[in-house]
Amino acid sequence: MPNAAVAVVAPRTRVAIPAFPRSAWIRARGGVRSASRAASTSSREPMSTGAPGGSRDAPAGPERRAFALHPVSRRDALLAQGKDVRVVHMVRHAQGTHNVDQNGVTLRDPANHDARLTPFGEQQCDALSLALRRDGRVAGATLVVTSPLTRCVQTALLCFKGRVADDARFVAHESVRETVNFACDARRSADALADEFAAAGVDFSLLVDPPRADETSDARSSYEYSADPLWRKYESVVGNARAWDDHRESGDLVSVADRARAFFAWLETRTEREVAVSSHSAFLRCLFSWGHAGGVRAAPEQTICRVGGAFDEGDASTPVVTYGGDAAFEARMREDWDNCELRTFLVSY
């Protein structure tokens with residue numbers, strides 16, 4: 001596989017930013033997430049250890065597993081060593097409505113519940129799709145994994161449909177979704193998503209919706225998010241959005257790191273050797289930086305994990321991924337992602 005499979009953007013200066021006190025985030029009441037600068041159904045498959053919405057049964061501290069990542073130029077050498085190698089084409093979703101301030105409607109606004117792509121975001125997808133047609137970069141992918149959030153499903157379909165193998169499966173997977181903090185991060189029910197996207201070939205059978213919340217309960221959300229197990233998980237810890245308008249899962253990055261591990265562990269069970277993935281910026285920032293020097297850039301104070309009673313001091317030192325001592329590759333993967341930016345890497349088992 002040619003090295004050109006890795007997207008190239010101008011390098012950024014990376015600065016390790018200390019965790020901000022929670023009060024500083026609460027003062028930033030609005031805000032948007034940074035935007036870019038410029039079907040066949042299957043049988044149900046079990047979620048891996050650390051699946052979102054369930055109990056935290058991943059081993060603590062250094063017993064957690066780290067997965068070995070490599071640049072695409074290492075593929076032949078790894079295969080020669082007898083490694084089980086998967087090619088991963090990872091894209092961050094295109095610009096969503098939560099990425100831009102629309103007359104004061106920000107990512108916290110219920111109007112951005114499970115935010116969709118903007119018209120500009122759809123244009124970004126068209127541009128990437130055209131580039132993929134020209135270079136054939138993802139033509140060998142036989143599996144497309146997408147976050148179940150609408151903006152990622154749209155990105156996966158617009159970018160990869162017709163560019164991956166004709167028989168490629170499109171599957172929604174909870175583990176690669178965005179950190180659950182605000183209205184834009186809560187997903188709709190599996191049925192609602194399937195009603196919109198199943199005809200396009202997206203399989204939502206891995207999603208498990210919890211029983212609907214008691215609408216008369218004082219603990220219910222101020223929004224209609226009861227179908228989302230991750231939203232309900234953090235609501236049970238910090239209360240509904242009226243009582244806690246602050247970061248939720250971003251204050252529990254140890255759980256986000258476990259979700260990332262769950263994805264790589266699940267991928268190991270798959271027969272596909274080349275996969276495209278549609279995911280989110282904050283999730284990717286945690287995946288590639290957790291446990292490494294400098295930590296996760298711009299992480300808020302890690303308080304929710306302690307409130308929930310699921311934290312071990314060793315957790316923060318156990319990375320999700322390793323880079324084999326390749327400093328340039330590590331620096332590249334730990335850079336922030338632009339909207340609709342695609343990068344390709346290898347994971348070996």
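Two strands are taken to pair if DSSP finds at least two bridges between them. On that basis, this predicted model contains an open sheet of eight strands in the order β5-β4-β3-β6-β2-β8-β1-β7, with mixed pairing. Strands β5 (202–203) and β7 (321–322) stand at the edges, each with a single partner strand, so one side of each is left without a neighbour in the sheet.

**Strand pairing**

Strands of a sheet pair through backbone hydrogen bonds, either parallel or antiparallel. Both senses occur here, as the pairings in the table illustrate.

| Strands | Sense | Bridges | One residue pair |
|---|---|---|---|
| β3 and β4 | parallel | four | Leu143 opposite Arg169 |
| β1 and β7 | parallel | two | Phe67 with Val321 |
| β1 and β8 | antiparallel | three | Ala68 with Ser348 |

Strand β3 spans residues 143–146, and β4 spans residues 169–172.

**Helices across the sheet**

Helix α7 lies across β1 (67–70), β2 (85–92), β3, β6 (274–279), β7 and β8 (342–348), and runs at about 80° to β1. Helix α8, which comprises residues 281–289, lies across β1, β2, β6, β7 and β8, at about 140° to β2.

These two helices also pack against each other, at an angle of about 80° and with their axes 9 Å apart. Angles of 65 to 115 degrees count as roughly perpendicular, and α7 is therefore roughly perpendicular to α8. On the α7 side the contact is made by Leu253, Val256, Ala257, Arg259, Ala260 and Phe264, and on the α8 side by Phe283, Cys286 and Leu287. By class, this contact has eight nonpolar, no polar and one charged residues.

**The surroundings of Phe264**

Phe264 belongs to helix α7, which covers residues 253–269. Is this side chain buried or exposed? Buried means under 20% relative accessible area; Phe264 has a value of 0% and is therefore buried. Not counting residues up to four places away in sequence, Phe264 touches Phe67, Leu69, Leu287, Val320, Val321, Phe345, Val347 and Tyr349. One of these residues, Val320, is 56 residues from Phe264 along the chain, and the two C-alpha atoms are separated by 9.2 Å. Two others in the list, Phe67 and Val321, are themselves bridge partners in the pairing of β1 with β7.

**Aromatic pairs**

With ring centres required to lie within 6.5 Å, the count comes to seven aromatic pairs. Among them, Phe263 and Phe264 form a tilted pair, 5.4 Å centre to centre with 55° between the planes. Phe263 and Phe264 are both buried. Phe288 and Phe345 form an edge-to-face pair, 5.7 Å centre to centre with 90° between the planes. Because Phe288 lies in helix α8 and Phe345 in strand β8, the pair ties together parts that are 57 residues apart in sequence. Phe288 and Phe345 are likewise buried. One aromatic cluster is formed by Phe67, Phe263, Phe264, Trp266 and Tyr349. Of its members, Phe67 and Tyr349 also appear among the residues that Phe264 touches.

**Helix α4**

Helix α4 (residues 150–160) is mostly covered, with 10 of its 11 residues buried. The buried residues are Thr150, Arg151, Cys152, Val153, Gln154, Thr155, Ala156, Leu157, Cys159 and Phe160. Following α4 is Gly162, which has a positive phi near 85°.

Notes:
Residues are numbered from 1 along each chain as its sequence is written. This is a predicted model: local features need pLDDT of at least 70, side-chain atom pairs count only at pLDDT 80 or more; totals for chains, interfaces and linings use all residues. Side-chain values use heavy atoms; hydrogens and water are left out. Buried means under 20% relative accessible area, exposed over 50%, partly exposed in between (1.4 Å probe, protein chains only). Contact means heavy atoms within 4.5 Å. Axes are lines fitted to C-alpha atoms, for helices over the stretch in contact, and angles run from 0 to 180 degrees between N-to-C directions. Angles under 35 degrees count as roughly parallel, over 145 as roughly antiparallel, 65 to 115 as roughly perpendicular and the rest as oblique. Ala, Val, Leu, Ile, Met, Phe, Trp, Tyr, Cys and Pro count as nonpolar, Asp, Glu, Lys and Arg as charged, and the others, Gly among them, as polar. Rings of Phe, Tyr and Trp (its six-membered ring) pair if their centres lie within 6.5 Å; planes under 30 degrees apart count as stacked, over 60 as edge-to-face and the rest as tilted.
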